[in-house]
Amino acid sequence: AKQQYHEFVIKEAAVTRLCKSQNIMTVNGQFPGPSLEVNEGDCLVVKVTNKGRYNVTVHWHGVRQMRTGWADGPEYVTQCPIRPGQSYTYRFTVQGQEGTLWWHAHSSWLRATVHGALIIRPRRGVAAYPFVNHGKPPVREIPILLGEWWNMNPIDVVRAATRTGAAPNISDAITVNGQPGDLYKCSSKDTTTFPVNSGETNLLRFINAALNTELFVSLAGHTMTVVGADASYTKPYATSVLMIAPGQTTDVLVTFDQPPGRYYLAARAYASAQGVPFDNTTTTAIFDYGASSSSTTSKSPAMPTLPAYNDTSAATAFTTSLRGLRKAELPSRVDENLFFTVGVGLFNCSQGQSCGGPNNTRFTASINNVSFVLPSAVSILQAHYHTTNGVFTADFPANPPVAFDYTAQNVSRGLWQPVPGTKVYKLKYGAAVQLVLQGTNIFAAENHPIHIHGYDFYILAEGFGNFDAAADTAKFNLDDPPMRNTVAVPVNGWAVVRFVADNPGVWLMHCHLDVHITWGLAMAFLVEDGVGVLQSLEAPPPDLPLC
Ligand code: C2O
């Protein structure tokens, strides 16, 4: 294990996409930002200096941050933002996780352009990948960041939406490593090309960094073998299409065994919500067997077949096929059995309020009818550590206030009136937590990629309709469930996850569609300290920003 030091300077840089030049926020002028490559057990020290014009924080998405919650990054949850002109140094050890994670800004919608890969290889000199192909490890590793591009400053997009209560503009392009690809108008030069060699096996590390879009991904002519997801290994699973939700990563092996030529990698939205605008455009990159020779470059690349934007069976077939490589280490007991509804709805606006949503409403979102509000004077973690009263309350409900038919159409709004609040759910150190995430159909049924900070969890089952404790518990996979940090709760359905609360601190849980977190689809777990110094949160670093 070694210590790695990096400096991230947040600053504006001019970038041109879709024929439009814009100043965007970047790390060190790069878009996407730098890839960090570590070995399991390494300690990362990243000094972030804000030379931009917005408050910012950086979140190390999926890193467990054992006892180092001060380095987790969500603004007003574990720290106050780093203001323009200020710096903060994140220090943490990457332990017990291998594969692909990523880092991103965790303030407003800055993560649209402030993000990059975090690659965790096996511990130096000790361990190797558990997967080999014909006895050999992959020849090359390729990080592939899928993102979204707006022809407008994303901060202005979200500000306009919060002012009016309407839904924000959808993005103008989906991107691969920052490039929309040559199917977009005015974008033929903005296409990522990956040179490959015939016969080689490469490891592609996919990251969905898009703000609001779950994505189908496919590579023409080639089978992808999934070997990892969210920095946990999976049993090898061969497929022609991946579904990756925002926040999730998927590692796949590809053997370039096709006739030499050029092959499109393509990604397109999976968005089955009714009545919600979706982006049906397709982003492309090119895998090129002969990037150095001219013989194959004249023909246009082969195009893969992608599922339709609303192909829920394709999405579910993928997510339910993943299995953890190792036997689940699940406690046989459940200490906390929680049932959380996740969904989007509408507030009726009274006269005099500016309310640009449908029929004088504004969009809102909630978990168990609580629409999450960030504090502003101090972070929740600081308030907890220093026992400052009045910042949050520990009365987040374990169940929705009323049970109803969550996935019926035309649910009565009287059953569902979200209350804004900064509420946390307290967990005892070491508690075995089972969490049912139940999607609702108040406004429209939608997918919700739910991410928990500070934890990996096992996904025991997912299904459609209302979760039925008696019948659905029998379907739990307690043997080899996949371990992830973000679960795509299916449209009109539910997912059940389990984890042990072994990491003290304050941990945000939220929908990783930024539009939904903006509307309040979030809550936080407060995990109390255990017994002894190895079970308690470290003291705050001296340079922790103040609000
Ligand atoms: Cu990837 Cu709270 O975020």
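Trainee: Let's start with a pairing. How many bridges join E5 to strand E7, and do the two run parallel or antiparallel?

Mentor: There are 4 bridges between E5 and strand E7 (residues 99-105), and the two strands run antiparallel. You can find one position easily: His 59 stands opposite His 104 in E7. Keep in mind that this is a predicted model.

Trainee: Then how confident is the predictor, going by the average pLDDT of the protein chain?

Mentor: The protein chain averages a pLDDT of 93, and 96% of the residues score at least 70. For the complex, the predictor gives an ipTM of 0.99 and a pTM of 0.96.

Trainee: Back to E5. What is the strand order of its open sheet?

Mentor: The order is E3-E8-E7-E5, an open sheet of 4 strands with mixed pairing. Strand E3 (36-39) and strand E5 (58-61) are the edge strands, each pairing on one side only. From one strand to the next, the twist averages 20°.

Trainee: And what should I expect of side chains along a strand?

Mentor: The general idea is that side chains in a regular strand alternate between the two faces of the sheet.

Trainee: Which strands form the open sheet of 5, and in what order?

Mentor: Reading across, the order is E24-E32-E31-E26-E29, again with mixed pairing. Strand E24 (424-427) and strand E29 (486-489) stand at the edges with a single partner strand each, so one side of each has no neighbour in the sheet. The twist here averages 20° from one strand to the next. Inside this sheet, strand E26 (residues 448-452) and strand E31 (residues 505-511) run antiparallel, joined by 3 bridges. Here, His 451 stands opposite His 510 in E31.

Trainee: Where could I look at a parallel pair?

Mentor: Try strand E20 (residues 336-348) and strand E25 (residues 432-439), which run parallel and are joined by 7 bridges. The bridge partner of Leu 338 in E25 is Leu 435. E20 also pairs with strand E21 (residues 361-367), in the antiparallel sense, over 7 bridges. In that pairing, Val 342 stands opposite Ile 367 in E21.

Trainee: Stepping back, how many helices and strands does the protein chain have?

Mentor: The secondary structure comes to 5 helices and 32 strands. The radius of gyration is 22 Å, close to the 24 Å that the globule rule gives for 547 residues, so the chain is as compact as a globular protein of that length. Along its principal axes, the C-alpha trace spans about 70 × 55 × 55 Å.

Trainee: What share of the contacts join residues at least 24 apart in sequence?

Mentor: That share is 79%, counted among contacts between residues at least 6 apart in sequence. Buried residues, meanwhile, make up 51% of the 547 residues.

Trainee: Which residues have the most contacts inside the largest nonpolar core?

Mentor: They are Leu 146, Leu 215, Leu 437, Val 497 and Ala 524, in a core of 149 residues. Strand E18 (residues 262-270) supplies the largest share of this core, 7 residues. Click on Leu 215 to see how sequence-distant pieces meet. Leaving aside neighbours within four places in sequence, the contacts of Leu 215 include Leu 146, Ile 174, Ile 244, Ala 267 and Tyr 270.

Trainee: Now the backbone oddities. What is the usual sign of phi, and are most peptide bonds cis or trans?

Mentor: Most residues other than glycine have a negative phi, and most peptide bonds are trans. Against that background, look at the bond from Phe 31 to Pro 32: this peptide bond is cis, with omega near -10°. Pro 32 sits in the loop between strand E2 (20-27) and E3.

Trainee: What is the phi of Ala 231, and what about Thr 387?

Mentor: Ala 231 has a positive phi of about 60° although it is not a glycine. Thr 387, also not a glycine, has a positive phi of about 40°. Ala 231 lies in the loop between strand E14 (224-229) and strand E15 (232-239), while Thr 387 is in the loop between helix H3 (380-385) and strand E23 (419-421).

Trainee: Why does Ala 231 count as buried, and is Thr 387 buried or exposed?

Mentor: Count the C-beta neighbours. Ala 231 has 27 of them inside 10 Å, so it counts as buried; the cut-off is 20 or more. Thr 387 has 6 other C-beta atoms within 10 Å and is exposed, the limit for that being 12 or fewer.

Note on methods: Residues numbered from 1 in each chain as written. Predicted model: local features only at pLDDT ≥ 70, side-chain atom pairs only at ≥ 80, totals over all residues. Core = buried A, V, L, I, M, F, W, Y, C linked by C-beta atoms within 7 Å. Contact = placed C-beta atoms within 7 Å. pLDDT = per-residue confidence, 0-100. Pairing = 2+ DSSP bridges. Axes fitted to C-alpha atoms, helices over the stretch in contact; angles between N-to-C directions. Rg over C-alpha atoms; globule rule 2.2 N^0.38 Å.
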